[in-house]
Amino acid sequence: PAIFLSFYKNLKEKSNEVDINLKVRSYKEFLSDPRFLQAMFAATFGYVVMAFLMTATPISMHFIHNISVDKVGIVIQFHVLGMFLPSWITGNLVNKFGYSNIMYTGVFFYILTIILSLFEPTFLNYFISLIFLGIGWNFVYISGTSLLVTTYSQHEKFKAQGVEGIPDVGGE
């Protein structure tokens, strides 16, 4: 094995090197980029809405409306399916219709969730609304994070992610 390893050359090493002479935008410049703001807002909004509603649902179902724990579990299981199952096609949908259209579709599913929540608190309403919540999260969060990585260069990724991993040549 040592003989074979002596011929090994790591080709990824050079691609990971960052030229520190390249200009890295300041935080102010990142925050003045409308696409960066859209992506950041979409990902944040998608996560916050989903986390709030998903966390409150079991409490509301079981403790307020006396729905059995078994049924609460079913609702949460299908919610999780709604969150991750669309991922098989979300990337293709983003490529076909664009980031913004998929974000708006996700917001539409959030609105459907809220509208369903205004009706009688039955198992079926919780079930459908939580599936819509999961699909809404998938569309908003996936399209937002996918858009985010298109808003900065390879040499700016640490700054864009909020980590001071690269010397700040761009100021601030």
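## Confidence of the model

The protein has a mean pLDDT (the predictor's confidence in each residue, from 0 to 100) of 86, and 83% of its residues reach 70 or more. Over residues 163-172 the pLDDT is below 50, although this stretch has 24 contacts in the model beyond near neighbours in sequence, a contact being heavy atoms within 4.5 Å. Among the elements, helix α5 (residues 69-84) has the highest mean pLDDT, 97, and helix α2 (residues 12-16) the lowest, 53; helices here are DSSP runs of H or I with at least four residues, numbered from the N terminus.

This is a predicted model, in which local features need pLDDT of at least 70 and side-chain atom pairs count only at pLDDT 80 or more, while totals for chains, interfaces and linings use all residues. Residues are numbered from 1 along each chain as its sequence is written, and side-chain values use heavy atoms, with hydrogens and water left out.

## Helix α7

The buried residues of α7 (under 20% relative accessible area, 1.4 Å probe, protein chains only) are Ile 102, Met 103, Gly 106, Phe 109, Tyr 110, Thr 113 and Leu 116. They lie on the same side of α7 because they cover an arc of only 140° around the axis, taken from the directions from the helix axis to the C-beta atoms. What covers these buried residues includes α4 (34-64), α6 (87-97) and α8 (123-148).

## The largest nonpolar core

The largest nonpolar core, a set of buried Ala, Val, Leu, Ile, Met, Phe, Trp, Tyr and Cys residues joined through side-chain atoms within 4.5 Å, has 24 residues, and those with the most contacts inside it are Met 50, Met 61, Val 75, Tyr 110 and Leu 133. Two or more residues come from each of α4, α5, α7 and α8, and α8 gives the most, with ten residues.

Leaving aside neighbours within four places in sequence, Met 50 is in contact with His 79, Met 83, Tyr 110, Leu 133 and Trp 137.

Notes. Buried means under 20% relative accessible area, exposed over 50%, partly exposed in between (1.4 Å probe, protein chains only).
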